[in-house]
Amino acid sequence: MSNHQQQQSLGGSNRIVAVDVTPPNNLHHDASSNQQKQEPVWRKFMAYVGPGFLVSLAYLDPGNLETDLQAGAHHKYELLWVVLIGLIFALIIQSLAANLGVSTGKHLAEICKAEYPLPVMYCLWLFAEFAVIAADIPEVIGTAFALNILFKIPVWAGVLVTGCSTLSLLGLQRFGIRKLEMLISILVFVMAACFFGEMSFVKPSASGVLKGMFVPTLSGTAATGDAIALLGALVMPHNLFLHSALVLTRKVPTTVRGINDACRYLLIESGFALFVAFLINVAVISVSGSICSANNLSAEDAQHCSNLTLHNATFLLKNVLGRSSSTVYAIALLASGQSSAITGTYAGQFIMQGFLDLKMKTWIRNLVTRCIAITPSLIVSIIGGPSGAGRLIVIASMILSFELPFALIPLLKFSSSSDKMGPHKNSIIIIVISWILGYGIICINVYYLSTAFVGWLIHSSLPKVANVFIGIIVFPLMIVYIGSVIYLTFRKDTVKTFIETKDDPRIDDQLELSLEPYREDLIHKPLP
């Protein structure tokens, strides 16, 4: 099969074909003129800045904020080590997702479509869509809580406003993806400023923070459950699809050297973005832990600390801001929810395009993705109010933990395959570390969900007949789930998505002067 035919059979990407190594006329120049045209390293790096910050928002969404607040309130600094391990693992898998996109010219959803049989592909698509919906629930509800605090509007109305405002912000795409990335970065730093300001006032114990960060400790079963919830909220499956697609909007030379440079720059950029996310998570846990463990805590604040949620956490900022604490907290929560909702909608677009290759107008795809995502939040907020919406965040976190293997295992397999990645596949060390960490988190999540379900079934007030009936339905489904994970792990890949390219530094230099993206279908998604 020719290179052109392989390209067509895999969906039309123009990134994975071998480049024409015949040097154009304008490349016949001497070494001195070639050196003059070379861009500085910092300018090359800046060309790759953006995707990592969008992806890092998933580690700062309202679901993460709530688990951070509760971890600090119940265990002070004890669970900071979980955040550190979670974000180190996040950096590894996000860099794998970025490398997959850069090396193949296709994102994770597109490769899944090319690799797996049709029934398996549709199942993976459904799981990915459910993951987007589950990830969007905390974002929508967090934004609705922020609007409720700011303007006293009902939570259900805030859910509707959130959907409209997210679509409006996505309209910035018509001015270029860089403008949207800039806005999201500003929202991240607004949220960071709020909690860093409070952290500078409460002055948490430096030794206590460092001990919590580097000395793993779990005091009792409650701490174990909170640690698993904290870890589950950090690693999100839809983020893997998102990152592998966002890197395709960058200009990457098609030679081995160019791809290696791009992977290195994207790793540095993702590392910096996730380090900022780590500092914000540490600040939230430290503020919550310092205030809720204070000796002079009022009875009202002590009651809030015992049941800390996104809706009642405004008192955490009152030391610095006084009466303005609720307003600034709501702005921070609004920034968190709105920015992460944008990235969730982006992920939904890429998943729908990659798995189904739907040929619909972008604004219609935006609207469909947004409506699907906000429907559960709207129904629960109407029926259950703020308390019901808060419980829905916990359920969403459990769903994300359940669905993680169906994005993580394909990513680990594809990024370790020479058929998919060629010379850019993972090293043996990365393969071992990523699989151990990946399966460790999957096993922890499955164990936690299974024991939680069995515990609920044993202590349920339902009639015994109902419990037996539920068990008959659920336990076979659990066996199917475990069997699906085993199938994805041991199935042999059959599709090759990497085609050899010859390395020629002159081609790298020429491509570095080009302003054309590799995937115009991904870089430009304007609303009408």
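What is the handedness of the link of C292 and C305, and what is the angle about its S-S bond? Before I answer, please keep in mind that what we are looking at is a predicted model. With that said, the link between C292 and C305 is left-handed, with -80 degrees about the S-S bond.

Let me stay with this pair for a moment. The two residues join parts of the chain that are described as distant, since C292 belongs to helix 14, which covers residues 256-292, while C305 belongs to helix 15, which covers residues 299-306, and the two cysteines are 13 residues apart. Their sulfur atoms are 2.0 Å apart, and because a pair of cysteine sulfur atoms within 2.5 Å is taken as a disulfide, C292 and C305 are assigned as one. The count by this rule comes to one disulfide.

How accessible are the cysteines, then? Taking the bonded pair, C292 has a relative accessible area of 14% and is therefore buried, and C305, at 6% relative accessibility, counts as buried as well. Turning to two other cysteines, C123 has a relative accessibility of 41%, so this residue counts as partly exposed, and C443, with a relative accessible area of 46%, is likewise partly exposed.

I would now like to move to a helix pair, namely helix 13, residues 237-246, and helix 19, residues 405-415, whose axes come within 7 Å and cross at roughly 45 degrees. Angles under 35 degrees would count as roughly parallel, and those from 65 to 115 as roughly perpendicular, so helix 13 and helix 19 are oblique to each other. As for the sense of the crossing, helix 13 passes helix 19 in a left-handed manner. On the side of helix 13 the contact is made by P237, L240 and F241, and on the side of helix 19 by A407, L408 and L411. Which classes of residue meet there? The residues of this contact divide into six nonpolar, no polar and no charged.

My last item is a single leucine, L57, which sits in the loop between helix 4, residues 51-56, and helix 5, residues 62-75. Is L57 buried or exposed? Its relative accessibility is 1%, and L57 therefore counts as buried, although the residue is placed in a loop. If you follow the chain from L57 to L274, the two are 217 residues apart, and yet their C-alpha atoms are separated by 8.9 Å in the model.

Terms used: Residues are numbered from 1 along each chain as its sequence is written. This is a predicted model: local features need pLDDT of at least 70, side-chain atom pairs count only at pLDDT 80 or more; totals for chains, interfaces and linings use all residues. Side-chain values use heavy atoms; hydrogens and water are left out. Helices (H or I, at least four residues) and strands (E, at least two) are DSSP runs, numbered from the N terminus. Buried means under 20% relative accessible area, exposed over 50%, partly exposed in between (1.4 Å probe, protein chains only). Axes are lines fitted to C-alpha atoms, for helices over the stretch in contact, and angles run from 0 to 180 degrees between N-to-C directions. Angles under 35 degrees count as roughly parallel, over 145 as roughly antiparallel, 65 to 115 as roughly perpendicular and the rest as oblique. A crossing is left-handed if the near helix is turned anticlockwise from the far one by less than a right angle, and right-handed if clockwise. Contact means heavy atoms within 4.5 Å. Ala, Val, Leu, Ile, Met, Phe, Trp, Tyr, Cys and Pro count as nonpolar, Asp, Glu, Lys and Arg as charged, and the others, Gly among them, as polar.
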